[in-house]
Amino acid sequence: MRNRSLPYFAAFLVYFLLVAGLFYPVVFEGKVLSSPDSVSPMATSIALDAVYEETGRYPLWQPWSFSGMPTVEAFTYLNGLYYPGVAAGWLQIKGLFLQLLHLVFAGLGGYVLLRRFGLYHLAAFLGGAAFMLTPYMVTMFVYGHGSQLMTAAYMPWVIWAALRVLDNMRPSDMGLLALLAGFQLQRGHVQIAYYTWMLLFLLIVLGVAAGSFPAAVRIRKTVMVFVSLGIAVLISSVIYLPVLEYTPFSVRGAGSGGGAAYDYATMWSMHPLEYVTYLLPGAVGFGGMTYWGSMPFTDYPNYAGFLVLLLAATGCLSRQVGSKKTFTWFLAGGTLLMVFLAFGKYFSPVYDLFYHFVPFFSRFRVPSMALIAVSLNLSLLAGFGLHTIMQGVGEKGRLVVKAGALILAVITIVFLLAEKPFEQFLHSVFPAPGFDNPELAGLVDQVRWDQFKDSFFLLVFFGGAFAALVWLRAKKAVTVTLFGMIVVLLSIADLLLVDRQIVYPSQSSLRSSRLVTGEYLDRAFSGDEVTAFLVGEPGLFRIYPVGPLFGENKFSVFGIHSSGGYHPAKLQVYDEMLRRSGNLSNIDLLRMLNVRYIISPAHLDHPALEPVHDGELRLVSGPVPVRVYRLQNAMERAWFVGKVKAVDEGRYDELLTESLDISRQALVEGAPWNGSKPFGQASVLSIEAAPEKIIVSVQAESEAFLVLSEVFYPLRWKTTIDGSEQKVYKVNGLLRGVVIPPGEHQVETCFDRSSFENGRKLSLSALAIGLLLVLTGFSFPGRGSRGK
């Protein structure tokens with residue numbers, strides 16, 4: 001047993017050393033990441049941690065961004081619901097270290113999966129390493145998309161577990177698949193999990209169809225896999241039960257059928273010409289301001305390694321037998337499918353078919369994200385390719401190597417002879433950078449050319465080295481082991497050269513490193529002159545950060561409620577108002593949202609704005625001098641109006657044109673009356689606010705109408721008057737309103753946690769079932785492996 005386990009331990013150790021070496025400053029020097037997608041959720045998490053510690057209940061609503069929005073339902077603050085992460089936290093493995101551990105886990109998954117097919121250890125190791133070090137995975141870590149990285153890390157493991165179920169049909173393997181697929185879903189990036197399940201369905205079709213099994217066995221295999229996946233869904237129900245209910249209210253559910261609108265969903269489509277980056281990572285600019293491809297922007301090239309690509313082609317075209325043949329067909333078919341899906345709007349027939357007809361697919365954006373599955377499949381095929389060459393190179397292989405080397409030599413000579421004309425041609429093709437400085441624009445174009453040229457010479461070097469190695473292997477001038485080791489080292493070096501440009505960009509690349517000291521972030525999240533002023537102001541109010549400050553989430557750390565923020569899955573009703581109002585560029589809208597202070601880095605000249613404080617706002621990007629303005633006649637968090645007009649859905653011209661007196665009038669959807677209705681006088685006696693509960697004490701002389709400056713979200717927020725549930729109206733297209741009977745009353749608005757709590761019960765029950773199934777393996781031992 002120890003000898004069988006030793007190669008797996010050795011693979012894990014080498015993967016760990018590779019990751020630790022690539023991210024040495026993070027592992028050994030305490031450096032952290034400062035990209036916006038790293039820092040923004042960090043600020044929100046600090047605030048939510050404080051709420052969790054104070055209340056003892058998992059926070060489901062955060063009032064500090066976009067005037068309030070859900071947490072779990074919008075895939076925010078999920079770490080405490082990811083069971084492996086919770087367990088790792090008991091061992092003090094958290095944050096960036098947990099993400100890096102998942103990177104190692106991804107590599108080990110590729111290794112374990114390929115060893116199941118009996119591949120040489122070096123070939124299996126290469127497959128895992130190539131997936132672990134693909135620039136996509138590295139970029140997700142560096143730029144703050146840890147959920148993507150950790151979700152993708154499960155992809156080879158889920159496929160491995162599914163193969164075990166199909167091969168062995170044992171309850172213990174069903175439990176293993178249920179746990180792995182369930183944990184992948186829990187990690188919270190549903191789009192990558194969805195791509196994994198697409199691959200699984202393809203694997204089931206090929207695996208069941210290709211085998212010569214009786215019909216009853218085929219049915220049993222299929223049922224066992226789907227039962228396992230059903231348990232996995234239940235394990236993740238603590239997240240996805242609330243999420244599915246939230247989707248129609250989210251900006252991502254704005255399209256037909258509850259999906260994202262087509263233009264929004266296809267923004268990051270991969271243009272067919274951009275696939276050249278799989279050969280030349282710098283072909284369309286490496287990322288940042290030098291990028292000149294078809295997507296809005298990107299921070300990395302879609303590159304899997306040139307040697308990996310050559311080996312993957314070898315693995316795909318080589319003659320495999322039995323289960324290896326079926327699996328390579330699966331990898332090739334899955335790669336082709338994902339490539340077509342990544343085209344998105346640039347080759348719409350395949351994408352449109354899925355967008356319009358496949359359940360839930362329309363809820364995703366960034367079609368190019370499907371390329372993570374391409375990276376996995378190419379890495380695994382590369383393992384098969386290396387295994388094939390290590391077994392021997394035949395006459396046909398020698399001819400291919402000769403032809404490939406000749407073509408590479410000819411291309412290189414032509415490039416060297418025509419370098420200047422080709423450079424001039426590319427300069428004419430480069431689009432103009434988005435700034436007016438001609439000197440800087442010229443510098444950007446020069447960097448683009450340098451990146452293209454450097455990528456070409458790297459391709460020549462690694463291609464030539466690979467051809468020489470294969471030729472030596474064909475002549476048996478090198479041993480199998482030495483050949484395999486050199487190819488693995490060259491393949492890893494190829495990937496690391498690109499990865500290092502992502503982690504440690506050179507000054508000449510016009511990109512900056514995202515690594516900063518922990519103390520730097522601590523200072524950025526600490527109090528400053530502006531936050532101190534705002535925290536010291538009494539009462540409930542919101543702020544409106546102007547311009548580049550609008551997406552700043554730092555204010556949440558100090559409990560400051562903002563009308564701005566940063567989140568891709570905000571409430572649709574709020575996003576619609578942002579869009580229609582030019583990002584709330586309307587004084588009455590700001591008053592309506594209980595905005596008392598406006599924070600601006602530039603001078604503002606408006607009669608309703610009074611400068612009250614100048615100070616420095618300390619951000620991750622550096623200190624920013626700002627001026628704080630007080631908005632005159634700002635509304636409180638709740639008030640009464642004397643006239644309420646019933647309107648059709650979306651008809652708010654009076655509000656947007658500032659012809660509505662919001663302090664006395666309101667526009668209401670779904671009212672049981674027509675036209676305008678007068679209401680009596682009333683007053684707000686007191687307001688008590690917590691993240692998931694607001695209590696308003698009121699006194700009404702006659703029937704009155706209360707407006708609460710909180711975002712309308714009827715799915716979760718329920719309102720009672722003296723304990724009796726009331727109908728809540730949508731007011732002014734965004735807020736909540738309720739009819740108050742005469743007298744003194746207590747109006748209580750609470751967030752409904754029932755869906756979350758029901759999901760948690762289901763999740764824990766399914767987890768127990770999965771664990772019990774795994775434990776049956778101790779009673780029914782058996783190796784069940786194809787590997788040798």
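# Reasoning from values to words in a predicted model

User: Where does Ser250 sit in the chain?

Analyst: In this predicted model, Ser250 lies in the loop that runs between helix H13 (237–246) and helix H14 (262–265).

User: What makes Ser250 count as buried or exposed?

Analyst: The word buried is kept for a relative accessible area under 20%. Ser250 has a relative accessible area of 3%, and therefore it is called buried. Setting aside residues up to four places away in sequence, Ser250 touches Ala569, Lys570 and Gln572.

User: Why is Asn732 called buried?

Analyst: Asn732 has a relative accessible area of 1%, and because buried means under 20%, Asn732 is placed in that class. Asn732 belongs to the loop between strand E19 (729–731) and strand E20 (735–740). Apart from neighbours within four places in sequence, its contacts include Met577, Met592, Tyr652 and Leu655, and Leu660, Ile662, Ala666 and Leu667 are also among them.

User: How do you know which class Pro59 belongs to, buried or exposed?

Analyst: The relative accessibility of Pro59 is 0%, which is under the 20% limit, so Pro59 counts as buried. Its place is the loop between helix H3 (36–55) and strand E2 (61–62). When neighbours within four places in sequence are left aside, Pro59 is in contact with Leu48, Val51, Tyr52, Thr71, Tyr77 and Glu692.

User: What separates the C-alpha atoms of Pro59 and Thr139?

Analyst: These two residues are 80 residues apart along the chain, and their C-alpha atoms are separated by 30 Å.

User: How do you know whether the radius of gyration agrees with that of a compact globule?

Analyst: For 788 residues, a compact globule would be expected to have a radius of gyration near 28 Å, and the protein has 29 Å, so the value agrees with the rule. The C-alpha trace spans about 100 × 70 × 50 Å along its principal axes, and 54% of the 788 residues count as buried. Of the contacts with a separation of 6 or more, 76% are between residues 24 or more positions apart.

User: Why are strands E6 and E8 said to stand at the edges of their sheet?

Analyst: Five strands form an open sheet in the order E6-E5-E7-E9-E8, with mixed pairing. Strand E6 (561–562) and strand E8 (609–619) each have a single partner strand, so one side of each is left without a neighbour in the sheet, and this places them at the edges.

User: What makes the pairing in this sheet mixed?

Analyst: Strands of a sheet pair through backbone hydrogen bonds, either parallel or antiparallel. Here E5 and E6 pair in the parallel sense over two bridges, and E5 and E7 pair in the parallel sense over four bridges, whereas strand E7 (residues 595–600) and strand E9 (residues 622–631) pair in the antiparallel sense over four bridges. Both senses thus occur in the sheet, and its pairing is called mixed.

User: Which residues stand opposite one another in these pairs?

Analyst: Among them, Arg542 has His561 in E6 as its bridge partner, Tyr544 has Ile598 in E7, and Tyr597 stands opposite Arg630 in E9.

User: Which way do the residues of strand E5 point?

Analyst: In a regular strand the side chains alternate between the two faces of the sheet. In strand E5 (residues 542–545), Arg542 and Tyr544 point one way, while Ile543 and Pro545 point the other way, and all are buried.

Definitions and conventions: Residues are numbered from 1 along each chain as its sequence is written. Side-chain values use heavy atoms; hydrogens and water are left out. The radius of gyration is taken over C-alpha atoms; the globule rule is 2.2 Å times the number of residues to the power 0.38. Buried means under 20% relative accessible area, exposed over 50%, partly exposed in between (1.4 Å probe, protein chains only). Contact means heavy atoms within 4.5 Å. Two strands pair if DSSP finds at least two bridges between them.
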